[in-house]
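Me: I've got this one open on my screen and want to go through its side chains with you. Can we take it question by question?

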Amino acid sequence: MNSDSRGFTLLEVTIAVAIVGISLTALLGLSNRCLQAQDKLRNVTTATLLAQQEMNRLELEAEDNILSFVDTEGRFEEPFQAFSWTARYEETPLEAVKMVVVSVTWDNEDATRSVDITSFLMER
């Protein structure tokens, strides 16, 4: 074999293929983590909006004088059936004002997650 010949040796090609393989594996892992993060953010956003919706409903009931200020819970309808909510009331230093905490929970693969929204409502 002539020492002036140019080209790649088998060792150089093997190293290049190994580097490409390691890089692709890292990129696939990164894309998987990105998808998991996107799924978590979507669930947190959905739960926050559902909690705000439930809080708005409670505020309207308080304005219409039909709110009983008793702890309640329930599940959301399609397409949000994976989410459930609870509303609990706590006393405040002002007798006519109640603190309400709306919690929206959902099950994830590894744990149960939740979002809480707090507001104050006046008894009429």
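**Side chains, pair by pair**

Me: Does R57 count as buried, partly exposed or exposed, and what puts it there?
Reply: The relative accessibility of R57 is 31%. Buried means under 20% relative accessible area, exposed means over 50%, and partly exposed is in between (1.4 Å probe, protein chains only). So R57 counts as partly exposed.

Me: Before we go on, what kind of model is this?
Reply: Residues are numbered from 1 along each chain as its sequence is written, and side-chain values use heavy atoms, with hydrogens and water left out. Local features need pLDDT of at least 70, side-chain atom pairs count only at pLDDT 80 or more, and totals for chains, interfaces and linings use all residues, as this is a predicted model.

Me: Which residue completes the salt-bridge network with E54 and R57?
Reply: A salt bridge here is a side-chain nitrogen of Lys or Arg within 4 Å of a carboxyl oxygen of Asp or Glu, and a search of the whole structure turns up six of them. R57 has one with a partner whose closest N and O atoms are 2.4 Å apart. That partner is four residues away in helix α1, so about one helical turn separates the two. The network is E54, R57 and E61.

Me: What's the relative accessible area of E61?
Reply: E61 is the salt-bridge partner of R57. E61 is partly exposed because its relative accessible area is 21%.

Me: K98 forms salt bridges with E91 and what other residue?
Reply: With E91, the side chains meet at 2.5 Å, N to O. E91 is exposed at 58%, whereas K98 counts as buried at 10%. In the other salt bridge the closest N and O atoms are 3.7 Å apart, and the partner of K98 there is E123.

Me: How many residues apart in sequence are the parts that K98 and E123 tie together?
Reply: Helices (H or I, at least four residues) and strands (E, at least two) are DSSP runs numbered from the N terminus. K98 lies in strand β3 and E123 in the segment after β4, so the parts tied together are separated in sequence by 25 residues.

Me: Which residue shares a side-chain polar contact with S119?
Reply: S119 is in strand β4 (residues 112-122) and counts as buried because its relative accessibility is 15%. Contact means heavy atoms within 4.5 Å; beyond four places in sequence, the contacts of S119 include M55, K98 and V100. A polar contact is a pair of N or O atoms within 3.5 Å; within protein, one must be able to donate a hydrogen and the other to accept it, and residues adjacent in sequence count only if both atoms are side-chain atoms. At 3.4 Å, the residue joined to S119 this way is E59.

Me: What geometry does the F69 and Y89 pair have?
Reply: Rings of Phe, Tyr and Trp (its six-membered ring) pair if their centres lie within 6.5 Å; planes under 30 degrees apart are stacked, over 60 edge-to-face and the rest tilted. That rule gives two aromatic pairs. With centres 5.4 Å apart and planes at 70°, F69 and Y89 are edge-to-face.

Me: And the geometry of F83 with W106?
Reply: F83 lies in strand β2 and W106 in strand β3 (residues 97-107), so the pair ties together parts 23 residues apart in sequence. F83 and W106 are both buried. At 5.6 Å centre to centre and 50° between the planes, this aromatic pair is tilted.
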